[in-house]
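Here's a quick tour of a protein model, written for someone who likes to poke at coordinates. Have the structure open and follow along.

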Amino acid sequence: MNDANFEPHIVSFLCTWWAYAAADLAGVSRMQYPSNIRVIRVTCTGSVSPHHVLKAFQQGVDGIFVGGWHKGECNYLYGNYSTERRMTILSQMLDFCGIERQRLRTRWVSSAEAPEFIDEINDFIGVLKKLGPSPLKNEQAKMLA
């Protein structure tokens, strides 16, 4: 589906210390990025449970972005390694369930990498626009009808 009017809804779980700080720096620096991203600030990406991701998809979100500090440099030592393993397995589960794995993106950025953060978000939005609305949105609409 390639609807020209489609604007994906994205939930992003961002590490307080690094990815959230990059998003904040982007805002303070007046760098432009789409407003269809909703930020959930987490202490560490290691606290993002597959349940959180699945619940967001269940509610019709088109994509999930998980952002934290570069691997090996997490304030909580192994949080981002745990996140990477968890999200890799979760993306395989999504594929199995009929939700494209490209709808879940995990990236590592530092607090000084605001331009990189914006590039990642814009690229992710481009991927989601090509994929179209979440297949679960159609299921939700059927259940409500």
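## Cores first

Let's start inside: the largest nonpolar core has 16 residues, and those with the most contacts within it are I10, L14, F65, F117 and I121. Three elements, β1 (10-15), α1 (19-28) and α4 (114-131), each give two or more residues to this core. The largest share comes from α4, with seven residues. Bear in mind that this is a predicted model.

F117 is a handy place to centre your view. Not counting residues up to four places away in sequence, F117 touches L14, A22, A23, Y33, I37, F65 and V109. There is also a second, separate core of 15 residues, and F13, V61, I99 and L104 are included in it. As background, nonpolar side chains in soluble globular proteins tend to be buried together.

## Zooming out

How do the helices and strands follow one another along the sequence? The pattern reads β-α-β-α-β-α-β-α-α, which gives five helices and four strands in the protein.

As for overall dimensions, the C-alpha trace spans about 45 × 35 × 20 Å along its principal axes. The radius of gyration is 15 Å, and that agrees with a compact globule, because one with 145 residues would have a value near 15 Å. Buried residues make up 39% of the 145 residues.

The contacts reach far along the chain, too. Of those between residues at least 6 apart in sequence, 81% join residues at least 24 apart.

On the outside, the accessible surface comes to about 8000 Å², and carbon and sulfur atoms account for 54% of that. Charges are there as well: the protein has 15 positive and 14 negative side chains, and the centres of the two sets lie 5 Å apart.

## Four residues worth a click

Here are a few individual positions and their relative accessibility.

| Residue | Relative accessibility | Class |
|---|---|---|
| P8 | 0% | buried |
| S110 | 10% | buried |
| S82 | 22% | partly exposed |
| R30 | 72% | exposed |

P8 sits in the segment before β1. Which residues is P8 in contact with, leaving aside its neighbours within four places in sequence? They are N36, D62, I125, L128 and K129. If you want a distance to check, the C-alpha atoms of P8 and A114 are separated by 21 Å, and these two residues are 106 residues apart along the chain.

S110 is found in the loop between β4 (104-108) and α4. Is S110 buried or exposed? With 10% relative accessibility it counts as buried, because the cut-off for that class is under 20%. Leaving aside neighbours within four places in sequence, S110 is in contact with W18, A22, W69 and H70. A22 is also on the list of residues that F117 touches.

S82 belongs to helix α3 (residues 79-97). At 22% relative accessibility, S82 counts as partly exposed, since that class covers values between the 20% and 50% cut-offs. The C-alpha atoms of S82 and S47 are separated by 9.1 Å, with the two positions 35 residues apart in chain numbering.

Finally, take a look at the backbone of R30. R30 has a positive phi of about 60°, although it is not a glycine. R30 lies in the loop between α1 and β2 (37-42), and at 72% relative accessibility R30 counts as exposed.

Definitions and conventions
Residues are numbered from 1 along each chain as its sequence is written. This is a predicted model: local features need pLDDT of at least 70, side-chain atom pairs count only at pLDDT 80 or more; totals for chains, interfaces and linings use all residues. Side-chain values use heavy atoms; hydrogens and water are left out. The radius of gyration is taken over C-alpha atoms; the globule rule is 2.2 Å times the number of residues to the power 0.38. Buried means under 20% relative accessible area, exposed over 50%, partly exposed in between (1.4 Å probe, protein chains only). Contact means heavy atoms within 4.5 Å. Accessible areas come from the Shrake-Rupley method with a 1.4 Å probe; for residues, only the protein chains shown count as cover. Lys and Arg count as positive and Asp and Glu as negative; His and the chain ends are not counted. The place of a charge is taken as NZ of Lys, CZ of Arg, CG of Asp or CD of Glu. A nonpolar core is a set of buried Ala, Val, Leu, Ile, Met, Phe, Trp, Tyr and Cys residues joined through side-chain atoms within 4.5 Å.
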